[in-house]
Amino acid sequence: MKFSEIQYERPDIKAVIARYETLAEKAGAAKNAKEQLDCVDEHERLLSEVATMMSYVYIRHSVDTRDPFFEKEQEFFDENYPLFEEKRQEFCTVLLDSPFRPELEKALGRLFFVNMEIAKKAFSPANIPLMQEEAKLVTEYSKLLASASLEFDGETVNLTQLHKFEESPNRDTRRRAYAAEASFFKANEAEFDRIFDELVRIRNSMAKNMGYQNFVTLGYYAMNRNCYDASMVAVYREQVVKDILPTVMKIKEKQAERNGLSGLMFYDNACFYPEGNPKPRASFDEMLGLGRKMYHEMSAETGEFIDYMIDNELFDSIAKAGKQPGGYCTYLPEFKLPYIFANFNGTSADVDVLTHEAGHAYQAYRARNMKILELSQATLEACEVHSMSMEFFCYPFMNLFYGDDADRAREAHLSDAVSFLPYGCMVDEFQHVVYEHPELTPNERKAEWAKLEDKYRPFLRFKGDFFGEGMWFMRQSHIYKNPFYYIDYCLAQTSALQFWAWAQKDRKAAFTAYNALVEKAGTETFLDLVTGAGLKNPFTPGCLVDVAKETEKQLF
Ligand code: ZN
């Protein structure tokens, strides 16, 4: 089915709730496992219907935020989703308490139940008003960011458009671009402070309502952490500092040297080469065609996948007025359609759409015939393994996009991939500090961020700049929108880099293992998936030492 053929119909939320209530009753009265499994099938249909329409609205609203119809529909889902979730949980509770649970586990797998138990620990009907308040604040944050309209070198730009200047080969342009960004954050500092302060307060109250000491416990449950905990993450972060940071320091030293600088100011960080970062040479219209060529050359499976994506109109990649910034991949289960949203802007980020977002879409495509929707989608760090590894598997085809600049594009990408690890850990540690100490004032939080800059990015100088005073976190939207969703990228990158190192030696074996991991979707935990694929558990001491060694071999 093509995307344009989808007919939208707003789910009748009252009817959905009634169906769920009937279903929970029916499951509760079931006389055997078979009858309960039939109820699970019906629940899957209900979930798929609602999830599909919800994703569809999300897509249509982000493609044109000015369309009043889909703006209303988005509000409808924002408001009603917690009510839907409440009923879904009630149904799941019947399964969790089922006398036939051993038979159900045999049919559906144990993880299905482990995840349901965690979801239950993350949700309380008493928190619904707080959840709605939280969603409103997150929207306020997004709107505030989107409201930025800055004059820069004769152009009126938003924050996303400003990023292009922040990686300019001209140092003065970069410096001024960051100064322009800082002026926006400075002017709105009180608002950014207020929104975050309220978010922390609300999240802390939700945790307290559920009897948890603080939001860390609840945040982990909300992220469905089913195979590691905060103490393991803390050890991982320290390993990144010990084993990866020295490599990043070398990368940054080399970058400074190449650019003729004695050290990197924070505004020098994104400019990798004195002549500018490699840019794709193809026009926007040519990009999808090149993507098709690349995936056909890669393998039969990926070729079939890319045809499916392009032929069914599953990309919206050209930037246009009214479109939300950024990029994502989502999935419409009812029609078995992944969907990629992006804003091509002429930088390497455009290629990432075809490698990273397409990696997510490839996984959704390969798992499209799975019966249980919950198991067709892995936890988020595993999802990022699908996408970040695909970025590396695309390395041999970079000449299609960059021509004879492909080597530099690969070098910059690999350097970025490794340099990301300390930054990702910094974002994660900051969130732990914030939610373990909800009593901190906004200024105390900024001081904590500034301290973490010294720990994780000692190679950057801020020299009393606004961003050096701990304001940087305000521009990192995950901190506001998706608490504790960030270490996922680090754990995934640690795994993806192992696939890269493996592919250097034996591409065929690495790609086969990757395909097997992708096909397992969410039927296993993240750690079972990566170790099952033959990779090292990222939490194992020494894992990052190998990653650092392989990267240095390639880069120096
Ligand atoms: Zn991703």
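**Internal cavities of the predicted model**

The largest cavity has a volume of about 50 Å³ in this structure, which is a predicted model. In total, the count comes to two cavities of 30 Å³ or more, and the two are described in turn below.

The largest cavity is lined by Pro11, Ile13, Val50, Phe76, Phe77, Asn80, Tyr81 and Phe84. Helix H3, which spans residues 68–96, provides the largest share of this lining, with five residues. When the lining of the largest cavity is sorted by class, seven residues are nonpolar and one is polar, whereas no charged residues are found. Under this classification, in which Tyr and Pro count as nonpolar, the polar position in the lining of the largest cavity is Asn80.

The second largest cavity holds about 30 Å³ of space, and its lining consists of Ile251, Lys254, Arg258, Phe272, Glu411, Ser415, Leu555 and Phe556. Two or more residues of this lining are given by each of helix H11 (230–258) and helix H18 (406–436), and the largest share, three residues, comes from H11. By class, the lining of the second largest cavity comprises four nonpolar, one polar and three charged residues. The charged residues are Lys254, Arg258 and Glu411, while Ser415 is the polar one, and the nonpolar residues are Ile251, Phe272, Leu555 and Phe556.

With regard to charge, the lining of the largest cavity thus has no charged residues, whereas the lining of the second largest cavity has three.

Definitions and conventions: Residues are numbered from 1 along each chain as its sequence is written. This is a predicted model: local features need pLDDT of at least 70, side-chain atom pairs count only at pLDDT 80 or more; totals for chains, interfaces and linings use all residues. Side-chain values use heavy atoms; hydrogens and water are left out. On a 1 Å grid over the protein atoms alone, a cavity is a set of points where a 1.4 Å probe fits but cannot get out, and a pocket is an open set with protein on both sides within 12 Å along at least five of seven lines; lining residues have an atom within 4 Å of a point. Grid points are joined across faces, edges and corners, and a volume is the space filled by probe spheres set on the points. Helices (H or I, at least four residues) and strands (E, at least two) are DSSP runs, numbered from the N terminus.
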